Amino acid sequence: MAGHSKWANIQHRKGRQDAARSKLFSKLSKEITVAAKMGDPDPEKNPRLRLAVKEAKSQSVPKDVIDRAIKKSVAGEGDDYEEIRYEGYGPNGVAVIVEAMTDNRNRTASTVRSTFSKNGGNLGETGSVGFMFERKGEVTYPADSGDADTIFEAAIEAGAEDVESSDDGHIIWCEDTDLNDVSSALEAALGESDSTKLVWKPTTTTEMDLEAMQKLMKLVDALEDDDDIQRVTTNFEASDEVMEQL
């Protein structure tokens with residue numbers, strides 16, 4: 001799983017760019033609007049909205065942008081968004097899951113299909129790669145939140161399943177359905193997390209060399225550039241040398 005957390009770090013650095021930030025803000029806002037639409041507009045009474053707001057705050061989305069996204073749902077916006085998951089293969093047979101939120105299913109499907117084919121991948125049927133991932137809750141804390149033992153104890157106490165600690169920080173895993181409860185318990189014990197979200201966690205990985213990684217990055221960048229795409233997950237594994245060369 002080393003490659004997966006490094007991928008998150010690359011994403012984080014990439015997200016520093018202003019253009020990427022405004023795109024990220026709009027995607028997080030869309031998630032907030034849809035989450036509020038599907039349940040109560042009060043985050044305390046709506047676990048999905050609470051997580052969406054928490055994730056937006058962790059990415060420094062301003063409070064007025066968050067409030068505006070919630071108000072949009074009350075005003076009836078976001079009614080026509082539907083969530084769709086696409087699955088396919090990238091360079092070297094790496095598995096790719098694309099999560100979209102769209103008001104035009106045909107437009108999004110056509111964009112995703114052509115992006116895959118232009119970048120050395122191919123779109124598969126739903127379920128074609130999903131079996132290589134598990135749906136999990138992921139809570140991350142910075143390295144200075146505590147040593148590995150302290151974090152592990154707090155995580156198990158909170159009902160989590162596993163913890164990965166490294167110099168980069170701590171990743172706490174739990175069942176997808178437990179994320180709201182686990183993250184609340186962790187917050188009480190350790191304070192505010194860096195990030196709290198539902199993710200696709202690879203159960204098997206595909207080893208990538210430098211050339212394959214460069215092609216994969218191109219595919220992922222092109223997918224993430226589309227406003228309908230909320231998130232892209234892959235099951236790549238790459239050595240430290242390859243990641244440094246990237």
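**Exercise 1. Determine whether Ala75 is buried or exposed in this predicted model, and describe where this residue lies.**

*Solution.*
Step 1. The relative accessible area of Ala75 is 64%. A residue counts as exposed over 50%, so Ala75 is exposed.
Step 2. Ala75 belongs to the loop that joins helix H4 (63-74) and strand S1 (82-89).
Step 3. Arg50 provides a reference point: Ala75 and Arg50 are separated by 25 residues in sequence, and their C-alpha atoms are 19 Å apart in space.

**Exercise 2. State which strands stand at the edges of the sheet S3-S1-S2-S9, and why one side of each is left without a neighbour.**

*Solution.*
Step 1. The sheet is open, consists of four strands in the order S3-S1-S2-S9, and has antiparallel pairing.
Step 2. The edge positions are taken by strand S3 (122-123) and strand S9 (229-234); each has a single partner strand, and therefore one side of each lacks a neighbour in the sheet.
Step 3. The pairing of S9 can be followed in detail: strand S2 (residues 95-102) and S9 run antiparallel and share five bridges. Within this pair, Val96 has Thr234 of S9 as its bridge partner.

**Exercise 3. Identify which strands helix H5 touches, and across which strands helix H8 lies.**

*Solution.*
Step 1. Helix H5 (residues 105-118) packs on the sheet and touches S1, S2, S3 and S9. The direction of H5 makes about 20° with that of S1.
Step 2. Helix H8 (residues 210-224) lies across S2 and S9. Relative to S9, helix H8 runs at about 160°.

**Exercise 4. Describe the sheet S5-S6-S4-S7 by its pairing, edges and twist.**

*Solution.*
Step 1. Four strands in the order S5-S6-S4-S7 form an open sheet, with antiparallel pairing.
Step 2. Strand S5 (162-166) and strand S7 (195-202) are at the edges; because each has a single partner strand, one side of each has no neighbour in the sheet.
Step 3. From one strand to the next, the twist averages 30°.
Step 4. Strand S4 (residues 133-141) pairs with S7 in the antiparallel sense over eight bridges. In this pairing, Val139 stands opposite Thr196 in S7.

**Exercise 5. Report which domain UniProt lists for residues 81-236, and what share of that range is helix and strand.**

*Solution.*
Step 1. An unreviewed UniProt entry lists residues 81-236 as "domain: TACO1/YebC-like second and third".
Step 2. Over residues 81-236, the chain is 33% helix and 36% strand.
Step 3. The C-alpha atoms at the ends of this range are 30 Å apart.

Notes:
Residues are numbered from 1 along each chain as its sequence is written. This is a predicted model: local features need pLDDT of at least 70, side-chain atom pairs count only at pLDDT 80 or more; totals for chains, interfaces and linings use all residues. Side-chain values use heavy atoms; hydrogens and water are left out. Two strands pair if DSSP finds at least two bridges between them. Helices (H or I, at least four residues) and strands (E, at least two) are DSSP runs, numbered from the N terminus. Axes are lines fitted to C-alpha atoms, for helices over the stretch in contact, and angles run from 0 to 180 degrees between N-to-C directions. Buried means under 20% relative accessible area, exposed over 50%, partly exposed in between (1.4 Å probe, protein chains only). UniProt positions are given in the numbering used here, feature names are shortened, and annotations may be inferred rather than shown by experiment. Contact means heavy atoms within 4.5 Å.
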